Amino acid sequence: MDSIILKTATRYIYPVLIVLSLIVLYRGHNLPGGGFIGGLIAASAVMLRALSVGWDGIKGSRWLDPFKLIKVGLLVACASAFVGLFVKHTFMEAVWAPTWYLPVLGKLKLGTPILFDIGVYMTVLGFAVLCAKSLDSNNN
């Protein structure tokens, strides 16, 4: 059953949820939020899109392969722990890049905690999409 209202709403809500998940991801290494919550928001956006167009409609997205997202996410999260070992000789020590000042965003602070959060984001997104796809009775 096609729902014009759901498809139209998803067209506008999907990008907003993805941008919101990236904002929560970025602000999470200093404030509440982070990779887990950001990944859940992104997964809810993907599930909303799957409800509106079906899993076959989003199968063409190469970045949305759940197993690849989980593998790369775990690799990025684990690799971020070793950066401190090589730079400061301490495992999981935070290493920060120089602070940048951007006109619209203000102070941009990047370091290994954001790498860890990106890995968690990708892992949570992949796992949630994998769980949702496994619940679909029409999915092969």
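Accessible areas in these exercises come from the Shrake-Rupley method with a 1.4 Å probe. The structure is a predicted model.

**Exercise 1. The chain as a whole**

Task: Determine how much accessible surface the chain has, and what share of that surface belongs to carbon and sulfur atoms.

Solution.
1. The accessible surface of the chain amounts to about 9100 Å².
2. Carbon and sulfur atoms hold 70% of this surface.
3. As to extent, the C-alpha trace spans about 55 × 35 × 25 Å along its principal axes.
4. The chain has 140 residues, of which 35% count as buried.

**Exercise 2. Secondary structure and contact range**

Task: State in which order the elements of the chain run from the N terminus on, and what percentage of the contacts with a separation of 6 or more join residues 24 or more positions apart.

Solution.
1. The chain comprises four helices and two strands.
2. Read from the N terminus, the order of the elements is α-α-α-β-β-α.
3. Among contacts with a separation of 6 or more, 63% are between residues 24 or more positions apart.

**Exercise 3. The aromatic pair**

Task: Find how many aromatic pairs the whole structure holds, and classify the geometry of F82 and F91 as stacked, tilted or edge-to-face.

Solution.
1. A search of the whole structure yields one aromatic pair.
2. Its members are F82 and F91, with ring centres 5.2 Å apart and planes at 70°.
3. Ring centres must lie within 6.5 Å for a pair, and planes over 60 degrees apart count as edge-to-face.
4. The pair of F82 and F91 is therefore edge-to-face, given the cut-off and the angle of 70° between the planes.
5. F82 is placed in helix α3.
6. F82 counts as partly exposed because its relative accessibility is 40%.
7. F91 is likewise assigned to the partly exposed class, because its relative accessibility is 46%.

**Exercise 4. The nonpolar patch**

Task: Identify which residues make the nonpolar surface patch and which helix supplies its largest share.

Solution.
1. The patch is made by F82, L85, F86, V87, F91, M92 and F116, and covers about 720 Å².
2. Helix α3, residues 66–87, contributes the largest share, namely four residues.
3. Another member of the patch is M92, which lies in the loop between α3 and β1.
4. M92 is not a glycine, yet it has a positive phi of about 65°.
5. M92 is exposed because its relative accessible area is 53%.

**Exercise 5. Charges over rings**

Task: Establish which ring lies under the charged end of R49, and which under K109.

Solution.
1. The charged end of R49 is placed over the ring of Y14, at 5.3 Å from the ring centre.
2. K109 lies over the face of W96, and the distance to the ring centre is 4.8 Å.
3. R49 may also be located relative to R11: the two are 38 residues apart in sequence, and their C-alpha atoms are 8.2 Å apart.
4. R11 belongs to helix α1, residues 4–27.
5. R11 is exposed because its relative accessibility is 54%.

**Exercise 6. Sequence separation and spatial distance**

Task: State how far apart in space the C-alpha atoms are for G33 and D117, and for W100 and K133.

Solution.
1. G33 and D117 are 84 residues apart along the chain, and 9.6 Å separates their C-alpha atoms.
2. G33 lies in the loop between α1 and α2.
3. With residues up to four places away in sequence excluded, G33 touches V24 and G28.
4. W100 and K133 are 33 residues apart in sequence and 40 Å apart in space, C-alpha to C-alpha.
5. W100 is located in strand β1, residues 100–102.
6. Beyond its neighbours within four places in sequence, W100 is in contact with G106, K107, L108 and L110.

**Exercise 7. Burial of a helix residue**

Task: Decide whether S80 is buried or exposed, and name which residues S80 touches beyond four places in sequence.

Solution.
1. S80 is a residue of helix α3.
2. The threshold for burial is under 20% relative accessible area.
3. S80 counts as buried because its relative accessibility is 6%.
4. Not counting residues up to four places away in sequence, S80 touches T112, L115 and F116.
5. F116, one of these partners, is also a member of the nonpolar patch.

Note on methods. Residues are numbered from 1 along each chain as its sequence is written. This is a predicted model: local features need pLDDT of at least 70, side-chain atom pairs count only at pLDDT 80 or more; totals for chains, interfaces and linings use all residues. Side-chain values use heavy atoms; hydrogens and water are left out. Rings of Phe, Tyr and Trp (its six-membered ring) pair if their centres lie within 6.5 Å; planes under 30 degrees apart count as stacked, over 60 as edge-to-face and the rest as tilted. Buried means under 20% relative accessible area, exposed over 50%, partly exposed in between (1.4 Å probe, protein chains only). A charge sits over a ring if NZ of Lys or CZ of Arg is within 6 Å of the ring centre and within 35 degrees of the ring normal. Patches are made of residues with over 30% relative accessible area and no salt bridge: like charges are joined within 9 Å, nonpolar side chains (Val, Leu, Ile, Met, Phe, Trp, Tyr) within 5 Å. A salt bridge is a side-chain nitrogen of Lys or Arg within 4 Å of a carboxyl oxygen of Asp or Glu. Contact means heavy atoms within 4.5 Å.
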